[in-house]
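Q: Please take a close look at one interface in this model. Begin with its polar contacts, then work outward from there.

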Amino acid sequence: MTIGVCYFPEHWPRERWETDIEAMADAGFEYVRMAEFSWAVLEPERGQFDFEWLDEAVELIGEHGMQAVLCTPTATPPKWLVDERPGILQEDSDGTVREHGSRRHYCFNSTAYREETERIVSRVADRYADDPHVAGWQTDNEFGCHGTVRCYCADCADAFREYLAEKYDSIEALNDAWGTTFWSQRYPSFEAIDPPGPTPSDHHPSRLLEYARFSSNAVVEYNRLHVDLLREANSEWFVTHNFMGRFSNLDAYAVSEDLDLVSWDSYPTGFVQDRLAGEPTPAQLRAGDPDQIGMDHDLYRSALDRPFWVMEQQPGDINWPPYAPQPGDGAMRLWAHHATAHGADAVLYFRWRRCLEGQEQYHAGLRKQDGSPDRGYHGAKQAAAELAEVGEDDHVEAPVAVLFDFENLWALTEQPHSPDFDYWELLERFYGAARARGTQVDVVHPTTPLEEYDAVVAPALHLVDDVLATRLTAYVENGGELLLGPRTGVKDAYNKLRPVPQPGPLADLVGATVDRHESLPSQLDTRVRNVNGENTYQFQVWAEWLETATATPLFVYDADGVENDRAAITRRDVGDGTVVYCGVWPSESLADELIEPLLARADVPSSDRLPDGVRVNVRGGRTWITNFSSDRIRIKPATDVTWLIGTATIDAYDVAVAEQRVLDGLSIEPLG
Amino acid sequence: MTIGVCYFPEHWPRERWETDIEAMADAGFEYVRMAEFSWAVLEPERGQFDFEWLDEAVELIGEHGMQAVLCTPTATPPKWLVDERPGILQEDSDGTVREHGSRRHYCFNSTAYREETERIVSRVADRYADDPHVAGWQTDNEFGCHGTVRCYCADCADAFREYLAEKYDSIEALNDAWGTTFWSQRYPSFEAIDPPGPTPSDHHPSRLLEYARFSSNAVVEYNRLHVDLLREANSEWFVTHNFMGRFSNLDAYAVSEDLDLVSWDSYPTGFVQDRLAGEPTPAQLRAGDPDQIGMDHDLYRSALDRPFWVMEQQPGDINWPPYAPQPGDGAMRLWAHHATAHGADAVLYFRWRRCLEGQEQYHAGLRKQDGSPDRGYHGAKQAAAELAEVGEDDHVEAPVAVLFDFENLWALTEQPHSPDFDYWELLERFYGAARARGTQVDVVHPTTPLEEYDAVVAPALHLVDDVLATRLTAYVENGGELLLGPRTGVKDAYNKLRPVPQPGPLADLVGATVDRHESLPSQLDTRVRNVNGENTYQFQVWAEWLETATATPLFVYDADGVENDRAAITRRDVGDGTVVYCGVWPSESLADELIEPLLARADVPSSDRLPDGVRVNVRGGRTWITNFSSDRIRIKPATDVTWLIGTATIDAYDVAVAEQRVLDGLSIEPLG
Amino acid sequence: MTIGVCYFPEHWPRERWETDIEAMADAGFEYVRMAEFSWAVLEPERGQFDFEWLDEAVELIGEHGMQAVLCTPTATPPKWLVDERPGILQEDSDGTVREHGSRRHYCFNSTAYREETERIVSRVADRYADDPHVAGWQTDNEFGCHGTVRCYCADCADAFREYLAEKYDSIEALNDAWGTTFWSQRYPSFEAIDPPGPTPSDHHPSRLLEYARFSSNAVVEYNRLHVDLLREANSEWFVTHNFMGRFSNLDAYAVSEDLDLVSWDSYPTGFVQDRLAGEPTPAQLRAGDPDQIGMDHDLYRSALDRPFWVMEQQPGDINWPPYAPQPGDGAMRLWAHHATAHGADAVLYFRWRRCLEGQEQYHAGLRKQDGSPDRGYHGAKQAAAELAEVGEDDHVEAPVAVLFDFENLWALTEQPHSPDFDYWELLERFYGAARARGTQVDVVHPTTPLEEYDAVVAPALHLVDDVLATRLTAYVENGGELLLGPRTGVKDAYNKLRPVPQPGPLADLVGATVDRHESLPSQLDTRVRNVNGENTYQFQVWAEWLETATATPLFVYDADGVENDRAAITRRDVGDGTVVYCGVWPSESLADELIEPLLARADVPSSDRLPDGVRVNVRGGRTWITNFSSDRIRIKPATDVTWLIGTATIDAYDVAVAEQRVLDGLSIEPLG
């Protein structure tokens, strides 16, 4: 539970470094990340290296009692390298080359670039192998940023063919697995398969899914190249990578398997603008959406089931979203607490000082362009002091798992079947309903052992194989509480439909099948009715008309649709366990009607429904209440509380930390 | 009046075929279409043919008393062919090649592809030349789908130059005809003329119109290649092609001249979403717009003045529109009746069973993915039984002609002069007003003899030559009722303005000229007033300020415009005939004010104005009432009726068929 | 104060010319512009010239007592030239070549095209060197139209490298000046720098700004080539270029330095549709926005501080905006008066007659396609008579300067930091507040001497150097009234941030600094409150939180923002002068609250706030009242008035001209 910062000594005169680093230490920071875009500074010409500046910066950091985190500088190959070996550049699917002049312009499958990567990574790793002030390494920077996971160059074409030839026994096997009889798409050989380029109509979904897998896999391999070289140089270093928020084309679980520590870059007021459906509220523009950020905290924590880091934390206004409102007063500190409450062990702000040059001049730092403290600095300093006080780094114990899978994401993104179907949004709908009850949630890959969880929510297990079906069945039979969402059990591993009714291998467990499905524009009235009550609830985007076998209807359609009184949501009790199948994309209130009884059945501690933007987390013995709303709130715990930080009444964008677990019976009232 | 289905035996195991084909026969189907994307199955490697599967399928169909319709498999050249002869691929105007991986990736002007087409078409035609179970052939599949009529490759460049050299006596003649003095666009030779590529500003409209003609003409030639080979093999086969709804770049009239039978592919709930201005209503999302579909039925029936087929009929939810709501209960049966009422002799549903592989997994079939009947199957079966009962295949006799011309469409699409000007929409405005009175309408090319029609409506005869002007004048002088719409008589055949006031050669007939025109955004108030009354009516998009000579104003402008009391719509009586010129794009109510008196003057039987979504058709001695609305309706005929199907009260998406003609005096009341 | 017309004799038969030219003379026109797209007519094949047609047209014009303005015909290189030397074509940043087939397809940096330009310009200049009827020349036509200032071809790459090598002492100097350490963007040599092509993320802003400068500079050079050759042929000719409205990529001030006369092309109902934020009002659709047009009149007048021309004046409905409503009754005449009131000495309508061929058939002329007079002809003729009567060509004396700079525009357009930040719109907000008081305004480059101005408004002096800071300080110290807008004093000349608080070198003068800034979407409440009052005012898009030193707050934030009561607008008195710093993008009413007291302090004559769409101009001793609104208005001068044209009550789209200056105390009432 500590604070750090990202620093670019190469952007500032040496005479300033001492001042800066002293101010970091004064603020109570522990980690300073450096050098992730420094290749052209470290090696201005091929073979001419200049490490002195970085040596000196690391030394200064050590002298001030802090530790350096260094980065392999591969995210920005220098111009001299691009000019020497232009084949390293990425290509769009239409053949447009992505040139030098910004960042991330290299291809992960380029053999030339892998050679150059080995060369530079070995060099920097060796240089600091014995440096006592270097705690660990970040590989590259934000793999996949700016849509760079998928490249379509000649190196990729070769590598894709090799990947397929290795995966499939023969071209006949591939043709069978994909189903290339459709539209005469049969491939005569592996050599005949290209990356998916421009075509008159849609691509074959099986080809697209394999290209998605192949492309993600290339990043896994490329990251492993860094990891191996770093570990070879010094096996005590930790190695991490800084992922981004809701990055879709890269399987972060797979990359994480090679890491010691997972970290990510959190920009709350940017993410609500550019990766959330709908228009953000004023409070979200000031502090972000705690569930959007929280779901990524939980995903990256769950990736290795271990505390994570926020490697870059938004420090103030930022340059890349459509709008750049100033964060709410206190938001920078709030985010550090929120991350910690979700299981972060370190939060590093990006960056130390607003940069005078280049593409990010409109990105704030903890310090202004003149070097004086900005609001973020004060927030970071206060957070550092408070977190030191809160102490102890317990790992978060989550009683509920949400199952998430990048392969489902790719398959559903290729064939959304509605402009409004966004898998991340659907996840957040179910996830948010659990979080609105204060429950900690793991966001795990479906292959994760489920026994430890009291309840499991799977919003859309699109591709389900028999092994997973067996595991889920066993989970319920052993008393587990399972909630399945729409579009579950549709496809096989090759993105082909199964020749049985949805949810395919889960049909017996669910006790119901999908008779047919539909996607729905907003002008159609979409409601379901509780079978044991008068209430109706909105749903959106997706509807499945269910045929019950051993299951019981919970909600039925009740709208100007085509077949009312049809089951939309069903329940089946299996021994001590229960499986609920939800065939629609629920509104918030409908999701709450599903999650609340789920938590009750699973006997999971939970609060009353929390106000929008207010969230509660339990980590170790402590309870965090974080207020992302623009209202002051009053906290009403059911038991006595000792407040480590704050009190029972807290302001907008403020936080309170209790020494106890206070979730059960907790209620929170907005004061306006 | 019969039902059929599209079947892909190559997608299913042989042991299933018997079951499937038996179920088709049980449902009363007569035709099974097959093989339109089967090239890679029929010829997996060059020269290695495999016909056995198709032989067997045809044989099974015959054994079950049905007939096969086969397709030339050219819409999807296999990968081995593309790799051997990559020059067959299409190119976009910016040089991007449209690669293998979906369908329709070949160029119509490719000499290589024409050779390959001859080779495969001869082969398949010869194979089935003596097969008693093959009734006829469909050429290729949906020419022009996915924007593929216009290609910009080197073969096209050569062919375009040849086309021009053949059409024009000399390059000077072309320069004069197009008017290339403008912006120094003079061509020094035919060799200097390219397909229209990327340019800083707009292209010359005369060049664009010729490229549109040339491109459509290439498809005509390409289709003829198929037709000739098929007829050579067996002159008793019918040959058809399956057109699509509102396909703009291909002159379907010209292609049809080489066919025995015209067919098209009808997807009502898709077309209302992707080729209709404005947001569809809930009822349209469930069943489509009967006038949008009806206008295509009438166009394709009129193309050869002969009963047509629906070669692909939507079977349920489909994959390609933005949203995929389930069709209303009964809609699949309704569509078959509606097509029949418009003159269809056969309606084939697409497809038999939801496909497990490839791009159309989200496209329903009559059977679900597990092979069990879906809702479409029940609707199709019921329709088959009912249509067998209704009997007799009379040809539709339409008293009213709407004049339509693809060249007008191309010219107006290149220079719409307003983002809201869509020629198809304007057509439907006039067409729909006639259909709202139950009148059958032919949608014919302007060169069609007009004597047989009681009334003729020409929504926008943009390019008018003297011959047409003479014919229209004679039509009115001989007692015809003519209604002309805006943008009539503007251009010559080369897309140049005439040096006389609009409507050019029609000015004498109309008795008025266009003083000036304007296009209008929605924020301007646009109304006209009946000169003999107090009522005002909205219009949209387009206004022409008329100068009357021998004509009388019917409606004048009455808005915050720039010149009120100017004539907007005029009338001139010529002997027993009348010509009305409408200078605006009328609202629905204004169009009704023009069509109702037109039908009265022409003495055409008509009903009261029908409710939205309810339409009436007379075919032979029968009357169909089709209800595309979400309301129950009550039918109130003026005379006694025997109901062959249904009764006087019918539900949403239901149909009634009377044994008599009941149009005159008919009124229909929505019951909500 | 005279009228003219643009004529294309080459589009019409010679037998028509006499009729046309006589009608021009009858209408009182003085100038006829010709030949700007005539290269292929003048030189149909290389070296084969045909000047006779133009000789004859010029002669006829002279015989009718008018003068010809000729154009160098380089905007449309003929096809034979493109085919001979294809390297002259422009390239987009993604490598797409802009082909022949419209206009402006050549690259300004093409050495081949500069050779060809010399050849043709010398030839035409020599031909008419002694012709008494040729008054002057227009170079080329609308440099930059259709986004053609910036090209990315190989010639441009070479020229860009030369430009940089000449500007910077060494590559190290460039790397330092730009700050290429950021993201490892260091350039090893000038040869390594390319035009900015496709990249995964944003380009370096310093590179972009240099490319913008370089590209604009190439046009300056290219124009100078024409000017030098024309002056060499006949030094008494005037040389002009016709700029366009709100053209952003070309520095019109820099081009103008080589001209004798500045002219521009004014299309009021087009510009309100395609280069104005927000939806135009009905009145704007009929007559345009007088401030949008007026600001360009003032900019082009200010460029040489000399009367300007409107070289193309909209004659009626036009082809290129989204919609083509007919201009309001009288608008064509209104525009001529409005231009004259802003300092125009000649207004030439474009074009004489609607063209029968090519891309502009939907563009009206003063004559219809049949040659008969259109409404524009009557308006132009009336304007010619009235302007002859008004007489005397005084130069406009403007007491207020608005500072404008294309380099600021480029820097802010590259990094708007909000989708809503449009520098032109911000300028018009301040400019319009001054014009709503009837004040004449110069729109000048910041290097213009300021002493002559009573007040200076600088809406966003983004790039400020020390010289400008010193000059502005001296201006205020000497009693000047200065109003600065947001985003002032942010960057250095290389588009790098200054390491001091904004407004950088102006901080001492302003007496306040920017603590931080934000950009704001419309869903956030954005208001400021007058410190001496209760009123609140909206602002938009941009907010700077000010820290006052020697300045006093005038307005403070008062909204649900993050820090209220912070200064938003400050004032500092310096001797007799005052500097007001406005940290927000003001609403119209807030701008009025700033401009009204500014004019009062500066003792500038002004009217009451004028109604929307009504504007007043003083030129010499006369006062023009122009009514762009759809209301009739009543003019209430404070003193006696003699009306030269019109009376005190004028209709929509009408004008009145008084013999006196009547600004002070003037009020105008809309009558509805």
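A: Across the interface of chain A and chain B, 25 residue pairs are in polar contact, both residues at pLDDT 80 or more. (A polar contact is a pair of N or O atoms within 3.5 Å; within protein, one must be able to donate a hydrogen and the other to accept it, and neighbours in sequence count only if both atoms are side-chain atoms.) Three elements of chain A each give at least two residues to the side that touches chain B: α8 (205-233), β13 (512-520) and β15 (536-548). (Helices are DSSP runs of H or I, at least four residues, and strands are runs of E, at least two, numbered from the N terminus.) Of these, β13(A) gives the most, with six residues.

This is a predicted model, in which local features need pLDDT of at least 70 and side-chain atom pairs pLDDT 80 or more, while totals for chains, interfaces and linings use all residues. Residues count from 1 along each chain, chains are lettered from A and ligands numbered from 1 as written, and side-chain values use heavy atoms, without hydrogens or water.

Next, the charged pairs. The rule finds four salt bridges between chain A and chain B. (A salt bridge puts a side-chain nitrogen of Lys or Arg within 4 Å of a carboxyl oxygen of Asp or Glu.) One salt bridge joins the side chains of Asp515(A) and Lys368(B), at 2.2 Å from N to O. The number 515 falls in the range of β13 in chain A, 512-520.

How much of each chain takes part in the contact? Chain A puts in 53 residues, and chain B puts in 57. (Contact means heavy atoms within 4.5 Å.) Together chain A and chain B bury about 4,600 Å². Carbon and sulfur atoms give 57% of that area. On the side of chain A, Phe182(A), Trp183(A) and Pro200(A) lose the most area to chain B. Their combined share is 17% of what that side buries. (Buried area is the accessible area, 1.4 Å probe, that two parts lose on being put together, summed over both.)

Now turn to the symmetry. Chain A superposes on chain B after a rotation of 120°, with 0.1 Å of shift along the axis and an RMSD of 0.0 Å. The two copies are therefore related as by a three-fold rotation axis. Within chain A, Thr96(A) has the C-alpha nearest this axis, at 6.0 Å. (The fit is by least squares on C-alpha atoms of residues with pLDDT of at least 70 in both copies.)

Chain A also meets chain C. Here 54 residues of chain C contact 57 residues of chain A. The area buried between chain C and chain A is about 4,600 Å², with 57% on carbon and sulfur atoms. Phe182(C), Trp183(C) and Pro200(C) supply 17% of the area that chain C buries against chain A, more than any other three residues. Four salt bridges cross the interface of chain C and chain A. One of them pairs Asp515(C) with Lys368(A), at 2.3 Å from N to O. Polar contacts link 26 residue pairs of chain C and chain A, both residues at pLDDT 80 or more. On the side of chain C that touches chain A, α8 (205-233), β13 (512-520) and β15 (536-548) give two or more residues each. The largest share is that of β13(C), six residues.

Last, look inside chain A. Its domain assignment gives domain 1 (2-148 + 219-390), domain 2 (400-602) and domain 3 (614-670). (The bounds come from an automatic or database assignment.) The centres of domain 1 and domain 3 of chain A, taken over C-alpha atoms, lie 31 Å apart. In the contact, 24 residues of domain 1 of chain A meet 16 residues of domain 3 of chain A. These two domains of chain A bury about 1,800 Å² between them, 63% of it on carbon and sulfur atoms. In domain 1, Leu334(A), Ala341(A) and Val390(A) lose the most area to domain 3, together 33% of what that side buries.

Three salt bridges link domain 1 and domain 3 of chain A. The side chains of Arg619(A) and Asp345(A) form a salt bridge at 2.6 Å, N to O. Eight residue pairs are in polar contact between domain 1 and domain 3 of chain A, both residues at pLDDT 80 or more. On the side of domain 1 that touches domain 3, at least two residues each come from α11 (282-287), α12 (290-304), α13 (331-341), β8 (344-349) and α14 (375-390) of chain A. The largest share, eight residues, belongs to α13(A).
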